[in-house]
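Thanks for coming, everyone. I would like to spend a few minutes on how the two chains meet, so please have a look at the model as I put it up.

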Number of protein chains: 2
Amino acid sequence: MKVLIVGANGQIGKHLAALLKESQGYSPIAMVRSEEQAEEFGKSGVETRLANLEGTVTELAQTASGCDAIVFTAGSGGQTGADKTLLIDLDGAVKMVEAAEKAGVVRFVMVSALQAHNRENWNEHIKPYYVAKHYADKMLINSSLHYTIIRPGGLLNEPGTGRVSAAENLDRGSIAREDVAKTILAVLDNENSIRQSFDLISGDTEIAKAVQNL
Amino acid sequence: MKVLIVGANGQIGKHLAALLKESQGYSPIAMVRSEEQAEEFGKSGVETRLANLEGTVTELAQTASGCDAIVFTAGSGGQTGADKTLLIDLDGAVKMVEAAEKAGVVRFVMVSALQAHNRENWNEHIKPYYVAKHYADKMLINSSLHYTIIRPGGLLNEPGTGRVSAAENLDRGSIAREDVAKTILAVLDNENSIRQSFDLISGDTEIAKAVQNL
């Protein structure tokens with residue numbers, strides 16, 4: 001399964017690229033914005049494609065062409081303003097969904113945010129970000145794709161535990177980025193996750209089992 | 001027909017309130033954010049309801065209760081940042097759509113922006129605003145409401161001519177806010193406009209006729 005990682009240069013993206021590389025039956029393709037990033041992935045033997053989420057749907061469809069799945073884990077990041085939140089986290093994500101449809105890549109895994117589907121639980125501090133994630137998820141759900149939406153809690157850089165809690169609605173919590181990447185792999189491994197959306201925080205259940213139980 | 005005007009204190013909203021007030025069969029209800037604005041409308045005999053687009057869907061549904069139509073002509077304005085664009089122009093609009101569904105108000109007229117449905121024609125300078133309008137429109141189209149989406153060109157404060165050009169796709173142009181308000185009234189007057197979306201600029205066709213010809 002050729003998996004295009006959108007946001008490959010982010011921390012979840014890097015974990016995922018490494019995981020897919022060492023997993024039988026998977027080949028990661030890192031979508032990156034610069035030659036410099038491409039070189040970095042090239043060193044570790046990961047195939048790359050140059051593209052930008054501010055490009056057109058046609059360009060993004062070319063980038064996705066020939067892949068079997070797309071994982072969207074890109075984000076404009078905390079340093080940029082809400083204008084980039086609109087252009088990347090919302091419109092960039094939806095352009096990627098449209099590109100997937102255009103390229104015939106039906107499997108799409110979205111990394112969203114805990115409780116993005118429930119306005120009343122949006123963190124006041126980063127509400128505009130939640131608005132963007134909310135509508136990107138809605139548009140994906142309304143698409144023709146075989147989607148899975150993973151909504152992780154606060155992201156940590158510490159090593160993963162391999163154990164999570166996954167459910168439609170969870171209280172606030174956090175999770176290691178490494179465990180989010182492992183959950184993405186488990187989702188790709190399990191067709192049971194198609195057309196499912198779930199909150200994800202660290203917990204007691206082994207990741208493959210948590211995805212199986214969705 | 002009781003028409004709730006969301007964004008009544010804006011310039012199009014004020015034109016529309018006055019037009020509805022003098023039109024047989026229509027009663028404007030101005031949704032305003034402050035007692036001060038309510039007093040202003042009260043002076044001209046326009047009914048008001050206090051509410052805020054940053055409130056909950058439940059609150060907005062109470063505000064819409066008993067109305068026969070909703071006109072959304074609110075905007076966060078050019079002075080605020082893109083965070084308010086996300087909260088008002090996108091999420092505020094969609095909350096109003098959900099409130100209409102909840103309150104059983106099926107007729108909904110959205111004031112959008114010229115070519116909001118075509119990414120390739122978005123003005124680079126205000127692209128984040130177009131993203132917000134684009135997805136608000138999409139969510140309305142995906143709703144159960146009897147919608148009409150009006151996408152006016154550059155808004156002018158000069159008096160209207162009463163003549164417009166209205167079509168699925170138009171080249172850039174401008175239009176007097178007064179003529180946008182008159183077009184909203186013509187749309188409310190004509191069920192032919194239900195589930196239609198169109199660009200609108202000043203032109204040669206009498207407004208009622210332009211709406212009839214959609």
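Between chain A and chain B, an area of about 1,800 Å² is buried, and carbon and sulfur atoms give 70% of it. Please keep in mind that what you see is a predicted model. On chain A's part, Leu86(A), Arg119(A) and Tyr135(A) supply 32% of the area that this chain buries against chain B, which is more than any other three residues do. As for who takes part in the contact, 21 residues come from chain A and 21 residues from chain B.

Turning to the polar side of this interface, the rule finds 4 salt bridges across it, and one of them joins Glu98(A) to Arg119(B), with the closest N and O atoms 2.9 Å apart. There are also 6 residue pairs in polar contact between chain A and chain B, counting those with both residues at pLDDT 80 or more.

Which elements of chain A give two or more residues to the side that touches chain B? They are helix H4, spanning 82-103, and helix H5, spanning 127-141, and the largest share, 10 residues, comes from H4(A). Sorted by class, that side of chain A has 12 nonpolar, 2 polar and 7 charged residues.

Finally, a word on the cysteines: over all chains the count of disulfides comes to 0. Cys67(A) has a relative accessible area of 7%, and because the cut-off for buried is under 20%, Cys67(A) is classed as buried. In chain B, Cys67(B) is likewise buried, with a relative accessible area of 7%.

Notes. Residues numbered from 1 in each chain as written. Chains lettered and ligands numbered in written order. Predicted model: local features only at pLDDT ≥ 70, side-chain atom pairs only at ≥ 80, totals over all residues. Heavy atoms only, no water. Contact = heavy atoms within 4.5 Å. Buried area = accessible area lost by both parts, 1.4 Å probe. Salt bridge = Lys/Arg side-chain N within 4 Å of Asp/Glu carboxyl O. Polar contact = N/O pair within 3.5 Å; in protein donor to acceptor, adjacent residues only side chain to side chain. Helix = DSSP H or I, 4+ residues; strand = E, 2+ residues; numbered from the N terminus. Nonpolar A, V, L, I, M, F, W, Y, C, P; charged D, E, K, R; others polar. Disulfide = S-S within 2.5 Å. Buried < 20%, exposed > 50% of the residue type's maximum accessible area, 1.4 Å probe, protein only.
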